[in-house]
Amino acid sequence: MTVQNRDDMGKLMPSAVAGFLDKLLRESADPADKSLNGLQVDSGNPIRKVGYAVDACLEAFEEAKEQRCDMVITHHGLYWSGDEHRIIGLMRDRVGFLIKNNISLWSCHIPLDRDMKFGNNIGLSKIVGIKDPKGFADYHGMPIGLYGSLAETTTILNINNILEKNLPECKPFVWDFGVKTIKTIGVVSGGGSFAISEAAELGLDLLVTGEVSHSDYHVALENKINVLAAGHWSTETVGIGLIAKEITDKLGIETVFISIPTRM
């Protein structure tokens, strides 16, 4: 992929890096996505180093400054449908910090969950060992999660240990309401507990997601399905990391992980 728009020294400008990323995820775009995906803040300065994080928050921006980043890419951005266009309060502080410190911001929500190369869920499916994953977990009429079978049966404890090893700050908890040996798994990153009933209808042995709510307990119990919640933040570090690797591999730009865990 040829990337244009460089400064006089040959460095890529924010719009060029953003355009590169937009094209990577174009096929996974979701018209129901409320996030204003893409370049959200343009510093107008060339990009030499990119920080990647889950959330567009002041703490992440401050760490980006410390790491001398010219751009931050995130899964959860600043701009969604609603009143976020008003530069007041927290939005004033966040946008003001980025502009003052010449840091651009690119964000992408649903495509970074469901993309079959760079998405959170394809990454999670590979981590837990799902073979030939298929789409499920209907979200506004489109599948956002993946499910499939493992090469061999395993236990919830083994899946728990794999996730702890491969995801940052991952401390899962389990509702073990189903079978004791695991062969089929569904994965839905972030707040994917809405898929518990669908996972049960598919006959899956285990649903791996990010977080669950109080009311989900009885849904899982009555459906007799195992649910492992590995953390909203932890499960959504996967896709942004895959994108960052692509930036380094294809654009030659240094990237650094900005770890701001929420313990959720």
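Glutamate 246 and lysine 250 both belong to helix 10 (residues 238-251), where they sit four residues apart, about one turn of the helix; helices (H or I, at least four residues) and strands (E, at least two) are DSSP runs numbered from the N terminus. The model is a predicted one, in which local features need pLDDT of at least 70 and side-chain atom pairs count only at pLDDT 80 or more, while totals for chains, interfaces and linings use all residues. Residues are numbered from 1 along each chain as its sequence is written, and side-chain values use heavy atoms, with hydrogens and water left out.

**Salt bridges**

- The count comes to four salt bridges, a salt bridge being a side-chain nitrogen of Lys or Arg within 4 Å of a carboxyl oxygen of Asp or Glu.
- In helix 10, glutamate 246 forms a salt bridge with lysine 250, and the closest N and O atoms of this pair are 2.8 Å apart.
- Glutamate 246 is buried, with a relative accessible area of 10%, whereas lysine 250 is exposed, with a relative accessible area of 53%; buried means under 20% relative accessible area, exposed over 50%, and partly exposed in between (1.4 Å probe, protein chains only).
- Lysine 49 forms a salt bridge with glutamate 254, with 3.8 Å between the closest N and O atoms.
- This pair links distant parts of the chain, since lysine 49 lies in strand 2 (residues 49-55) and glutamate 254 in strand 11 (residues 254-257), 205 residues apart.
- Lysine 49 is buried, at a relative accessible area of 14%, while glutamate 254 is partly exposed, at 46%.
- Aspartate 93 forms a salt bridge with arginine 92, the closest N and O atoms being 3.1 Å apart.
- Aspartate 93 is partly exposed, with a relative accessible area of 34%, and arginine 92 is likewise partly exposed, with a relative accessible area of 47%.

**A negative surface patch**

- Glu59, Glu62, Glu63 and Glu66 form a negative surface patch.
- Patches are made of residues with over 30% relative accessible area and no salt bridge, with like charges joined within 9 Å and nonpolar side chains (Val, Leu, Ile, Met, Phe, Trp, Tyr) within 5 Å.
- For the sign of a charge, Lys and Arg count as positive and Asp and Glu as negative, whereas His and the chain ends are not counted; the place of a charge is taken as NZ of Lys, CZ of Arg, CG of Asp or CD of Glu.
- The accessible areas come from the Shrake-Rupley method with a 1.4 Å probe, and for residues only the protein chains shown count as cover.
- Within the patch, glutamate 63 lies in helix 2 (residues 58-66) and is partly exposed, with a relative accessible area of 30%.

**Cysteines**

- A search of the whole structure finds zero disulfides, a disulfide being a pair of cysteine sulfur atoms within 2.5 Å.
- Cysteine 69 is in no disulfide, and the nearest cysteine sulfur, that of cysteine 57, is 13 Å away; cysteine 69 is buried, with a relative accessible area of 4%.
- Cysteine 170 is also in no disulfide, the nearest cysteine sulfur being that of cysteine 57, at 20 Å; cysteine 170 is buried as well, with a relative accessible area of 6%.

**Helix 5 and its end**

- Seven of the nine residues of helix 5 (residues 120-128) are buried, so this helix is largely enclosed by the rest of the structure.
- The buried residues of helix 5 are Asn120, Asn121, Ile122, Gly123, Leu124, Ser125 and Val128.
- Glycine 129, just after helix 5, takes a positive phi of about 95°.

**Positive phi outside glycine**

- Asparagine 102, although not a glycine, has a positive phi of about 55°.
- Asparagine 102 is placed in the loop between helix 3 (89-100) and strand 4 (104-107), where it is partly exposed, with a relative accessible area of 38%.
- Histidine 140, a residue other than glycine, has a positive phi near 55°.
- Histidine 140 is placed in the loop between strand 5 (130-139) and strand 6 (142-154), and at 54% relative accessibility it counts as exposed.

**Tyrosine 52**

- Tyrosine 52 has its place in strand 2 and, at 16% relative accessibility, counts as buried.
- From C-alpha to C-alpha, tyrosine 52 and glycine 203 are 36 Å apart in space, and they are 151 residues apart in sequence.
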